[in-house]
Each structure stands twice: as structure tokens, then as C-alpha cells.
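Here's a protein chain to look over. Let's start with one spot on its outside and then work inwards.

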Amino acid sequence: MKLSEWARRNGVHYQTAWSWAKNGRMPVPVVKTDTGRYLVLEPTADPVGRVVAYCRVSSADQKIDLERQVGRVVTAATGRGLTVAEVVTEVGSGLNGNRPKLAKLLRDPQVTTIVVEHRDRLARFGVEYLSCALAATGRSIVVTDDAEVADDLVRDMIEVLTSFCARLYGRRSASRKAKAAMAAVEATV
């Protein structure tokens with residue numbers, strides 16, 4: 001398939017895909033023809049189900065970061081031997097449960113694997129429950145970079161504080177207030 005088609009399907013800007021192909025960093029096999037055109041030799045999709053990459057940023061100001069996140073997720077998934085059939089991108093808070101693209105993805109029984117970069121890109125709370133619910137139907141969530149916070153108790157405490165601060169102070173300053181509260185707690189201990 002043409003490089004432009006592959007870029008459109010995977011939610012990557014054409015210039016980025018062209019740069020990857022030129023520098024030999026494409027997550028899928030690519031061939032340069034005699035005319036200078038790049039052709040992607042994408043393997044056929046698994047007939048059992050589809051692998052979908054889900055990428056999310058919190059605000060419209062971070063849309064530039066979204067494309068980079070897509071590139072990292074597709075590259076990591078391909079490195080694990082997964083063929084990404086589709087990339088779903090969304091702008092919305094991880095604390096907000098009203099994300100229609102994620103809801104559609106979770107409802108689709110043809111999607112067997114959802115690949116995300118970090119746990120919090122999928123949801124701030126309850127990723128373990130989502131994982132268990134999907135596993136009950138033979139589906140899974142793959143987190144490509146799970147080294148976010150080493151201590152689970154600290155991570156859980158930050159998530160709870162972030163949730164409470166979001167309700168009390170508003171969603172924008174919640175993370176900053178939660179970190180300040182954790183720093184105050186750590187200073188007293």
C-alpha cells in the first residue's frame with residue numbers, strides 16, 4: 001500500500017511517516033521503488049480479531065503530542081509482534097468517563113487487543129477492572145510502558161487525591177494540587 005494510505009489509516013501525519021521511512025524507523029516493513037515512492041508491506045491482519053492502538057491527551061493544547069504518542073504506541077506494538085489494524089485518538093480528561101471513542105472501542109467485540117502507552121491514557125482509575133472485564137470475553141489490554149510509578153500504593157494515593165482535588169478545585173489544577181498534597185504528607189512522615 002502507498003505510504004500516504006498507511007499514514008492516514010494509522011493516524012500519523014504523512015511527513016512523519018515519510019521521515020520514518022527515509023530514516024529506516026518505520027514500525028512496519030517498507031520498500032522504496034525505483035521511482036522513489038515508498039510502499040508499505042503491511043502483513044495481513046489476524047482473522048481472529050483486531051489490534052487497536054488507543055491514544056489520548058487531556059486537552060486540545062496537547063494535540064501535537066498526540067501524533068508523537070501514536071508513533072510510539074504503533075512502534076511498540078509492532079515490536080511486540082502485534083499488527084495494529086486501527087489507531088483511535090481522543091482528546092479528553094482521563095477522569096472524564098464520557099469518552100465516546102473509547103466507549104465504542106470497548107463495545108466492539110471484533111477488537112481483541114487494545115494497546116496503550118501508559119495505564120492513565122486509558123483511564124485514571126479502574127484499568128484493572130477493565131482488563132478483567134475484557135479478559136472474560138477473550139480480549140486484552142497491552143500497556144507498552146508500564147514503568148510509570150514503581151510503588152503501587154503511592155500511585156493509588158496520587159490517583160485518589162487527584163480525583164478529590166478535581167472535584168474540589170476543578171479538573172485543570174487537580175494534578176498540581178494532588179502532588180502538593182503528597183509532598184506535604186511525605187514531608188511530615
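## A spot on the outside

Phe125 sits in the loop between helix H5 (119-122) and helix H6 (127-135). Helices here are DSSP runs of H or I with at least four residues, strands are runs of E with at least two, and both are numbered from the N terminus. Phe125 is partly exposed, at 34% relative accessible area; buried means under 20%, exposed over 50%, and partly exposed in between (1.4 Å probe, protein chains only).

Together with Val160 and Phe164, Phe125 makes a nonpolar patch on the surface, with about 270 Å² of accessible area in total.

## What you're looking at

This is a predicted model, where local features need pLDDT of at least 70, side-chain atom pairs count only at pLDDT 80 or more, and totals for chains, interfaces and linings use all residues. Residues are numbered from 1 along each chain as its sequence is written, and side-chain values use heavy atoms, leaving out hydrogens and water.

The chain has eight helices and six strands. Of its 189 residues, 36% are buried.

## Going inside

In soluble globular proteins, nonpolar side chains tend to be buried together. Here the largest nonpolar core (buried Ala, Val, Leu, Ile, Met, Phe, Trp, Tyr and Cys residues joined through side-chain atoms within 4.5 Å) has 24 residues. Leu3, Trp6 and Met26 have the most contacts inside this core (a contact means heavy atoms within 4.5 Å). Helix H3 (63-79) is one of the elements that give two or more residues to this core, and H3 supplies the largest share, five residues.

Another core, of 14 residues, lies apart from that one, and includes Val52, Tyr54, Ala123 and Leu134.

Notes: Patch = residues over 30% accessible without salt bridge, like charges linked within 9 Å, V, L, I, M, F, W, Y side chains within 5 Å. Areas by Shrake-Rupley, 256 points an atom, 1.4 Å probe, with all protein chains shown as cover. Salt bridge = Lys/Arg side-chain N within 4 Å of Asp/Glu carboxyl O.
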